[in-house]
Amino acid sequence: MSAYATAGVPEYWLLDAWGAGPRFDIFKRGKKEYTAVRKSAGWSKSAALGKAFRLTQVEDEEGESDFTLEIR
């Protein structure tokens, strides 16, 4: 992440589908490093895109996970 901050990238998104449930976080760049954007009811607001995002997971009939990135 530090290389992205040094390059001036305003946001860093982290998506991880492994484990008990999906992890989705948006980090905003501060003066020296990124800090996580606070979530509200599972939604993370992107200042760069001006919208909020939430990653949801459901299992299909065969037990396979399907993921949806919701936008509002």
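Me: What makes two aromatic rings a pair, and how many aromatic pairs does a search of the whole structure find?

Reply: Rings of Phe, Tyr and Trp pair if their centres lie within 6.5 Å. This is a predicted model, and a search of the whole structure finds 5 aromatic pairs in it.

Me: Why is the pair of Y12 and F27 called edge-to-face?

Reply: Planes over 60 degrees apart count as edge-to-face. The planes of Y12 and F27 stand at 65°, with the ring centres 6.4 Å apart, so the pair falls in that class. Distant parts of the chain are linked by this pair: Y12 belongs to strand β1 (residues 11–16) and F27 to strand β2 (residues 23–29), with the two residues 15 apart. Ring pairs also join Y12 and F27 with Y4 and Y34 in a cluster.

Me: Are Y12 and F27 buried or partly exposed?

Reply: Buried means under 20% relative accessible area, and exposed means over 50%. F27 has 11%, so F27 is buried. Y12 has 21% and therefore counts as partly exposed.

Me: What is the order of the strands in the sheet, and which are the edge strands?

Reply: An edge strand pairs on one side only. Here the open sheet has 3 strands in the order β1-β2-β3, paired antiparallel. Its edge strands are β1 and β3 (34–36). From one strand to the next, the twist averages 30°.

Me: How many bridges join β1 and β2, and how many join β2 and β3?

Reply: Two strands pair if at least two bridges are found between them. For β1 and β2 there are 6 bridges, in the antiparallel sense. W13, for example, has I26 in β2 as its bridge partner. The two strands form a hairpin with 6 residues between them, and G19 in the turn has a positive phi of about 95°. For β2 and β3 there are 3 bridges, also antiparallel. Here F27 has A36 in β3 as its bridge partner.

Me: How do side chains sit along a strand, and which side chains make polar contacts with D25?

Reply: In a regular strand, side chains alternate between the two faces of the sheet. D25 lies in strand β2. With a relative accessible area of 13%, D25 falls under the 20% limit and is therefore buried. Its side chain makes a polar contact of 2.7 Å with the side chain of R23, and another of 3.4 Å with the side chain of K39.

Me: Which residues does D25 touch, not counting those up to four places away in sequence?

Reply: Contact means heavy atoms within 4.5 Å. On that basis D25 touches Y12, W13, L14 and K39.

Notes: Residues are numbered from 1 along each chain as its sequence is written. This is a predicted model: local features need pLDDT of at least 70, side-chain atom pairs count only at pLDDT 80 or more; totals for chains, interfaces and linings use all residues. Side-chain values use heavy atoms; hydrogens and water are left out. Rings of Phe, Tyr and Trp (its six-membered ring) pair if their centres lie within 6.5 Å; planes under 30 degrees apart count as stacked, over 60 as edge-to-face and the rest as tilted. Helices (H or I, at least four residues) and strands (E, at least two) are DSSP runs, numbered from the N terminus. Buried means under 20% relative accessible area, exposed over 50%, partly exposed in between (1.4 Å probe, protein chains only). Axes are lines fitted to C-alpha atoms, for helices over the stretch in contact, and angles run from 0 to 180 degrees between N-to-C directions. A polar contact is a pair of N or O atoms within 3.5 Å; within protein, one must be able to donate a hydrogen and the other to accept it, and residues adjacent in sequence count only if both atoms are side-chain atoms.
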